[in-house]
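Here are a few notes to help you find your way around. Keep the viewer open as you read.

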Amino acid sequence: MMLLTITAPAAAAAETTDIWPLLFVFLLASFIGLGVIRRVSRLLHTPLMSITNAISAIAVVGAILVAGPDYPDHIRLLGAIAVFASMTNIVSGFLITQRMLKMFKTETKPGEVTKP
Amino acid sequence: MIYHLVQFAYLVATGLFVFALHWMNTPATARRAVYAGVAGMTLAVVATWAQPEVVHHLWIVVAVVLGFAVGVPLSRVPLTAVPQRTALSHAFGGLAAGLVGSAKFYLWHGEGSAHLTVFRTVAILLEVLLGFLTFTGSLMAAGKLQEVKWIPQRPVTYPGQNLTNLALLLIAVGLGIAVVLQPSAAWAPVAFAGIIGIALLFGVLLIIPIGGADMPTVIAILNSYAGLAAVAMGFVLDNKLLITAGALDGSSGLILAIIMCKAMNRSFTNVLFGAFGQVQQAKAGGEDKVYKPETIEGGAQVLEQATSVVIIPGYGMAVAQAQHKVRELYDQLKKRGVSVKFAIHPVAGRMPGHMNVLLAEANIPYTDLVEMDEINPDMPQVDVALVVGANDVVNPAARSDKSSPIYGMPIIDADKARTVFAIKRSKNPGFAGIDNELYFSDRTWMLFGDAKNVIGELVKQLSGGSGMH
């Protein structure tokens, strides 16, 4: 990390990516993630894991951007494999989450106190 | 114009993902979470695909179709196999990140030095390192969970293990620094390939010393890594959607890992480098301890006369596939007006929330699944605690025995119930190889046998008994 801070200004002239907005986005998104996930019911930790799994397969975006443009074939092949891997996660992740969530039912019987 | 449309789609997708996770906070709203997630993902894929720079479509179409072909069957695995399915999908996530990072590196290396700025190269290296180590690490974890023959179940340790890992990591960091300093050098692709190799090897080495009891934590950590790899990809591609979605996943894995660690009173480093399960077989002083076996008939009678019963499930219930029999027992007891609750320890099973999903599958209302912290104060008033395939999570040694490897771990206070029945397959100690004092307590009676059979017999007794009245 030290290396990064020392050499970054020199490199910044040559590059178009502005690091700082990305780091802000990362920081804020992490805090939102921590805040939201903390409130997830412990009952649902397994489905939570499978849905976050599907969401992190957002890597499909990067994979398409490698597999689709006019790049050499070997590069695009890597991208296509990545599209396959992400797509598998998206499909199985959402489907299994749905399947598990369907199983969570209440049966509130008279006289039974449900704890929040 | 198209740029703005795409960015707008990404923005909406990000919002949908945040809502998806927000809706996971109660089972009542959770189904909506899936719809939001699917909508966000579809939007993201379509927007990306529609960009003018994407000109080749065939391979993408093929990959998407194959993804469906593999993904649909993977979503239909039995629920007892959910931990290994989850590990496998972390592997896929890691692989995707690793491949995209590698592709970008070789592409930019070929196109000239201007592309590989320090920031981008560092991000690519992180992405590839995290991606590939998650890939092999998760494959190993999945193999262990699936009990694949050639992957050792017990933790594998050897002298100098941590030193070896550290040395490998240092080599990878060294190569990484070299690549960052000279990204366009002729040797850079070779060094980069070396880093990929080390990451792949490192993933394997990281998982082999880890035992089954630590799997929930490890799966959560790998979940986090897969998310962070996506974040790194976002930095590489200057894509904020990747960063936000990856960060959500990364923080989710982190929180789950922290919860798991707390539930075992252990630290991250201890889980990753501690090689649980191999530790002391210390106390040989327990020769005079004897189990008190109980018959099915006797057990059924006590259960029938109880007013409150708490069932404590563990991994053994999953192994024996006993959740449906447990449901029948639950029904029989409920029919007699017995209050039945399930006490769920956070690390019971092989992944976070594993027990809840299995019991929900067996149609047990989730309102009767109670967390450890909530049920423990009530345990002294409970007539019968029925331990089904749980071991370490009810071992009182965690409270009293400082020499025990599980000392300090919060447990479900089964021993405080008026009567304890423990179903146990054999007289051997549990996964961690630790004797469980609970089994020798005055109040404990053992029901030996396969969990599914024993509970089935109990149900038969109870239903037969009610017929005779």
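The points below cover the sheet, the core and one loop residue.

1. First, some ground rules: this is a predicted model, where local features need pLDDT of at least 70, side-chain atom pairs count only at pLDDT 80 or more, and totals for chains, interfaces and linings use all residues. Residues are numbered from 1 along each chain as its sequence is written, with chains lettered from A and ligands numbered from 1 in the order in which they are written.

2. Look for the open sheet in chain B: 6 strands, ordered β3-β2-β1-β4-β5-β6, with parallel pairing. (Strands are DSSP runs of E, at least two residues, and helices are runs of H or I, at least four, numbered from the N terminus; a pair needs at least two DSSP bridges.) At the edges sit β3 (369-371) and β6 (444-448) of chain B, each pairing on one side only.

3. Inside that sheet, β1 (308-313) and β2 (339-344) of chain B pair over 4 bridges. One to click on: B:Val310 has B:Lys341 as its bridge partner in β2(B).

4. Now the largest nonpolar core, with 205 residues (buried Ala, Val, Leu, Ile, Met, Phe, Trp, Tyr and Cys joined through C-beta atoms within 7 Å; buried means 20 or more other C-beta atoms within 10 Å, exposed 12 or fewer, partly exposed in between, with C-beta atoms placed from the backbone). Helix α5 (118-146) of chain B gives the most to this core, 18 residues.

5. Finally, B:Lys292 sits in the loop between α10 (268-273) and α11 (296-305) of chain B. B:Lys292 is exposed, with 12 other C-beta atoms within 10 Å. B:Arg443 is 151 residues away in sequence, yet 9.4 Å from B:Lys292, C-alpha to C-alpha.
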